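New to this one? Take a look at the sequence and the model first, and then we can walk through a few of its parts together.

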Amino acid sequence: MTAKPIDSQHSNQMPPQAVMLQMISGFWLSRAIYIAAKLGIADLVKDQPQTAADLAQSTGTHGPSLYRVLRALASAGIFAEDADGRFAITPLAATLQTDVPGSLRAFATVELGEEHYPAWGDLMHSVKTGEIAFDHVFAMPIWQYYAQNPENAKTFNDAMSGLTSAINEVVINSYHFSSISKVVDIGGGHGNLIISILKANPNIKGVLFDQPQVVEGARGRIEEEGLTDRCEIVAGDFFESVPSGGDAYILKWIIHDWNEEQSIAILKNCHQAMVDNGRLLLVESVIPPGNEPHLGKFMDLNMLVMTGGRERTEAEYRALFEAAGFRLTKVVPTPSPMCVIEGVRA
Ligand code: SAH
């Protein structure tokens, strides 16, 4: 089963109007994917194909309408309908199963559901004012919203974990952690990255640092992995301070959430906490120059509407490092849109 091209890889033979039409209607597909993700359709059909009527019964939805959504999805390679009107799993649909490595179900639910989607609907507000569209729609910053809405926060953290597990391996294979003895994961969420680093490097000790309500969600995983002795869990606020004594501070998808002033404050706290010859490691997408397609260019819009942060170029990271007392030493590419940006104390 192959995916139909939607807004990328469009063939050169297609007239511009046809390509543009696909691009414009991209959100129709996105929203249909949301329905499947939220209702857990991929889990329901993973062992056995089912009709829309059966699926509607299990999900408390309107069968004929659900059928139309599934038929549209199947036209893009997400589920396949057989001659008896039963929908089966496909490789694309399987990415929306809950318990597969690198599951995108939570990400689809978060990105296309209750917070990100309304904020994107108000992108014009950000463009007109430079302000954060999310804050305009919800009258509070996203992190406060998650603190007040634990269910949504859990899905967000699951979404980060799902994406992280896909990226972890490439990060670990691209950057050499072997000479490090204690790595502190700042804003480490539910701990997926630190767990992967510790499992791949048995001599390293780790610290997972995040907000109190978030790190609690990591404790069980760390115990299950048998890493309780090697991984300390610390709750706190990275604008106040971060755990001291590490020789590597890794921040994955943290700095892109914040503006220059806030980013410098976080980095200065890492500077203060690390040992003299410590290393700063950011895992972020680095925006390449020119017009080439890059996920970071759209993630950057996600940051614009959601957090007031941004995706940055190498020159922008260099300047940020300098302002916080670091010297950027190298940008290590990975076979993904993410890079490891390394710095040492200047
Ligand atoms: N590093 C993880 C999570 C990235 S999401 C990953 O790559 O999957 C950003 C994280 O920053 C969230 O887990 C959020 O709880 C955390 N965060 C936001 N504000 C924070 C603060 N003031 N102090 C500590 N952590 C914070």
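Strand 1 and strand 3 (residues 86-88) run antiparallel and are joined by two bridges. Within that pairing, Gln50 sits opposite Phe87 of strand 3. Keep in mind that this is a predicted model. The open sheet here is made of three strands in the order 1-3-2, with antiparallel pairing. At its edges you'll find strand 1 (50-51) and strand 2 (80-81), each of which pairs on one side only.

Now for the ligand. A shell of 20 residues surrounds the ligand, and the closest are Thr164, Gly187, Asp210, Asp237 and Lys252. By type, the shell breaks down into nine nonpolar, seven polar and four charged residues. Helix 12 (residues 150-174) is the top contributor to this shell, giving four residues.

Some atoms of the protein pair up with a nitrogen atom of the ligand, as the table shows.

| Residue | Atom on the protein side | Distance to a ligand nitrogen atom |
|---|---|---|
| Gly187 | backbone N or O | 2.7 Å |
| Asp237 | polar side-chain atom | 2.9 Å |
| Phe238 | backbone N or O | 2.9 Å |

How much of the ligand does the protein bury? On its own, the ligand would expose 570 Å², and the protein buries 95% of that.

There is also the second largest pocket to look at. Its volume comes to about 640 Å³. The second largest pocket has a lining of 25 residues, and those nearest its centre are Thr98, Ala106, Lys154, Thr155 and Asp158.

Which helices each supply at least two residues of that lining? They are helix 7 (105-111), helix 12 and helix 14 (212-224). Helix 12 gives the most to the lining of the second largest pocket, namely eight residues. So helix 12 turns up twice in this tour: it gives the most to the shell around the ligand, and it gives the most to the lining of the second largest pocket.

As for residue types, the lining of the second largest pocket holds four nonpolar, 12 polar and nine charged residues. Set beside that, the shell around the ligand has nine nonpolar, seven polar and four charged ones.

Definitions and conventions:
Residues numbered from 1 in each chain as written. Predicted model: local features only at pLDDT ≥ 70, side-chain atom pairs only at ≥ 80, totals over all residues. Heavy atoms only, no water. Near = heavy atom within 4 Å. Polar contact = N/O pair within 3.5 Å; in protein donor to acceptor, adjacent residues only side chain to side chain. Areas by Shrake-Rupley, 256 points an atom, 1.4 Å probe, with all protein chains shown as cover. Nonpolar A, V, L, I, M, F, W, Y, C, P; charged D, E, K, R; others polar. Pairing = 2+ DSSP bridges. 1 Å grid on protein atoms, 1.4 Å probe; cavity = no way out; pocket = protein on both sides within 12 Å on 5 of 7 lines; lining within 4 Å. Points joined across faces, edges and corners; volume = space filled by probe spheres on them.
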